[in-house]
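Visitor: Hello! Could you walk me through this structure, one question at a time?

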Amino acid sequence: MSIFRGSLEERGLPEEIRGISEEQLQLWQYGSTLAQLASQADALAALADSDSAGALSELSATLAHGSKLVGQLSFEDQPVVPLAQSFSPEAVSKLAEQVAQLSTRMPPVPEEQAPLAPALTQLAFQTNLEARSALRAVAKQESVDQLPAPLLSGQGEPEGEPVGCLRDHKLLNAETPIADPALHDDVRVARALDRGYALDYILQLQAARGANADAAQIEERRTTLNAELRKVRSVLPGDCADLRQPAYVLPEDGLEELGSLAAEAEADFVQALALASGAARDSAQGTLAETTWQVLLEQRQRGLDPELLNASE
């Protein structure tokens, strides 16, 4: 949908959008941005070699689907964003950054369109994932890591005992650089497992210290969580030792704050999963991405409704 500015606006907005809420206008403008980015990705795909063309085409298709899903609103005198006339890693990097940034700022969904919210969440995750894949074809993994993640990031995390499939347990710290490129994928997965095991430990404490009525619900959550962890574990080499430590170190007075710690651990686990999905390749990426999305859906069903916030790394 397009509307003319100037004289048309002086006579009032077209009947189709007169009286529309600000939230609906923002949603349509979001759709227009998705369409613009889809056109840019499609233009680059047409100019790219085979290594990059596939990832860019997938990104373009997802962005275009999103724009159709939410609708579009643009003005005739809006500046036209020029499409790429030649292929360059810099152009792909710029596009990937724009897509990743957009995935951190989901527009408000009008109340009457509430069922659209889960689809937007999935769209943000999927476009962020595909932007990372496109960038990885032309840039080093360090550049991919710098893209903002589309998911809620925990406000700090308790220091835990090392768990995972690593020789150097210091690599479980998200701030520790991964110097060996050959280890990158496995380290990301190990970090996701570590955060999942930490969450499981906190849930065990909650079940043991809470009311009996809560324990059954928590144990049901642990059953689901451990099924998710088995899927994540399946992408690591089968001969890689994966020993679970008996406990994690909680912050001081942590036993009195198990509810907030569990919420932080939930966010940390999903964040680590998203980063592992972005780093993985081939079938491993499919498994991790599917698991990440299932975790998000499961959280939403429990009323957590994960938000898309700008997570700085």
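Guide: Gladly, and here is a definition we will need: Ala, Val, Leu, Ile, Met, Phe, Trp, Tyr, Cys and Pro count as nonpolar, Asp, Glu, Lys and Arg as charged, and the others, Gly among them, as polar. Please keep in mind that this is a predicted model.

Visitor: How do the residues lining the second largest cavity divide into nonpolar, polar and charged?

Guide: The lining is made by Y30, L34, L63, V99, L102, S103, L123, A124 and T127. Ser and Thr are on neither the nonpolar nor the charged list, so they count as polar. The lining therefore divides into seven nonpolar, two polar and no charged residues.

Visitor: Which helices each supply at least two residues of that lining?

Guide: The cavity in question holds about 30 Å³ of space, and the structure has two cavities of 30 Å³ or more. At least two lining residues each come from helix 2 (22-47), helix 4 (89-103) and helix 5 (116-136).

Visitor: In what order do the elements of the protein chain run?

Guide: The protein chain contains 10 helices and two strands. Read from the N terminus on, the order is β-α-α-α-β-α-α-α-α-α-α-α.

Visitor: Is R136 buried or exposed?

Guide: R136 sits in helix 5. Beyond its neighbours within four places in sequence, R136 is in contact with Q141, V144, G278, A279, A280, R281 and Q285. Buried means under 20% relative accessible area. The value for R136 is 14%, so R136 counts as buried.

Visitor: How far apart in space are R136 and P89?

Guide: In sequence, these two are 47 residues apart. From C-alpha to C-alpha, the distance between R136 and P89 is 10.0 Å.

Visitor: Why is helix 9 described as largely enclosed by the rest of the structure?

Guide: Helix 9 covers residues 258-279, and its end C-alpha atoms are 31 Å apart, in agreement with the 32 Å that its 22 residues should span at 1.5 Å a residue. Helix 9 is largely enclosed because the number of its 22 residues that are buried is 18.

Visitor: What residue follows helix 10 with a positive phi?

Guide: Helix 10 takes in residues 282-301 and reaches 29 Å from its first C-alpha to its last, close to the expected 28 Å. Its buried residues include Q285, W293 and E298. After helix 10 comes a residue with a positive phi, near 85°, and that residue is G303.

Visitor: What percentage of the 313 residues is buried?

Guide: The protein chain exposes about 16200 Å², with carbon and sulfur atoms supplying 50% of it. Of the 313 residues, the buried share is 46%.

Key: Residues numbered from 1 in each chain as written. Predicted model: local features only at pLDDT ≥ 70, side-chain atom pairs only at ≥ 80, totals over all residues. Heavy atoms only, no water. 1 Å grid on protein atoms, 1.4 Å probe; cavity = no way out; pocket = protein on both sides within 12 Å on 5 of 7 lines; lining within 4 Å. Points joined across faces, edges and corners; volume = space filled by probe spheres on them. Helix = DSSP H or I, 4+ residues; strand = E, 2+ residues; numbered from the N terminus. Expected span 1.5 Å × (residues − 1). Buried < 20%, exposed > 50% of the residue type's maximum accessible area, 1.4 Å probe, protein only. Areas by Shrake-Rupley, 256 points an atom, 1.4 Å probe, with all protein chains shown as cover. Contact = heavy atoms within 4.5 Å.
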